[in-house]
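Please open the structure in a viewer and keep the sequence at hand. The tour below proceeds selection by selection.

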Amino acid sequence: MPLPETPQDASSDDAATGPESGERQPKRITQRGLWFEEFEVGAIYEHRPGRTVTEADNVLFTTLTMNTQALHLDAEYGAGTEFGERLVNSMFTLSTLVGLSVAQLTMGTIVANLGFSEISFPKPMRHGDTMYAETLIEDKRESKSRPGQGIVTLRHVAKNQHGDVVAVAVRQTLVKCAPST
């Protein structure tokens, strides 16, 4: 369900005063992502706070998605691998990476995910690791077939608390243009 349109600025005294009391009302700002025009190619957005991943997160995600890979669920099996322990499900890592960007970039302004052109996991996430994310705006263009919308290419990068890159994902999104006022 789309978010209701809310004026970002109260520019006149009439908009800022209550109709009955005559008292000045506070400016109201609704959190949202960026309109297409607000994305700046080459800008890097750092998404905070980070997200510390627990064993419970990993087991729940893994079982909910029916991924029965022993490397995510079986401590004895994990101990016998080159990693020496269970690892966080890489699909959880990817989902969390994208999720960390939503409030700052696409909340209420995205139309659709169009696809991923690159996904990699250079190092594993482990229980107790904290993920930090950032997004580089690689490209944007107005949609040729959907007036009032544009395509934005985002390069998401996740790093753990040590600064090791644990995931990279390049994603194309369809984003709304700013409403005309």
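**A pair of facing residues, and the strands around them**

Begin by selecting L136 and R155: L136 stands opposite R155, which belongs to strand β4. The model on display is a predicted one.

Next, extend the selection to the two strands concerned. Strand β4 covers residues 149-159 and is joined to β3 by ten bridges, the two running antiparallel. As a general guide while viewing them, side chains in a regular strand alternate between the two faces of the sheet.

Now select the link between these strands. β3 and β4 form a hairpin, with six residues between them. Within that turn, select G148, whose phi is positive, at about 85°.

Which strand should be selected on moving from β3 to its pairing with β1? Select residues 44-52, which make up strand β1, together with residues 130-142, which make up strand β3. These two strands pair in the antiparallel sense, over six bridges. For a landmark here, select R51, which stands opposite M131 in β3.

Finally, select the whole protein chain and colour it by secondary structure. Five helices and five strands are present. Followed along the sequence, their order is α-β-α-α-α-α-β-β-β-β.

With the whole chain still selected, a surface display may be added. The accessible surface amounts to about 10800 Å², and carbon and sulfur atoms account for 52% of that area. Of the 181 residues in the protein chain, 34% count as buried. As for contacts between residues at least 6 apart in sequence, 68% join residues at least 24 apart.

Technical notes. Residues numbered from 1 in each chain as written. Predicted model: local features only at pLDDT ≥ 70, side-chain atom pairs only at ≥ 80, totals over all residues. Heavy atoms only, no water. Helix = DSSP H or I, 4+ residues; strand = E, 2+ residues; numbered from the N terminus. Buried < 20%, exposed > 50% of the residue type's maximum accessible area, 1.4 Å probe, protein only. Contact = heavy atoms within 4.5 Å. Areas by Shrake-Rupley, 256 points an atom, 1.4 Å probe, with all protein chains shown as cover. Pairing = 2+ DSSP bridges.
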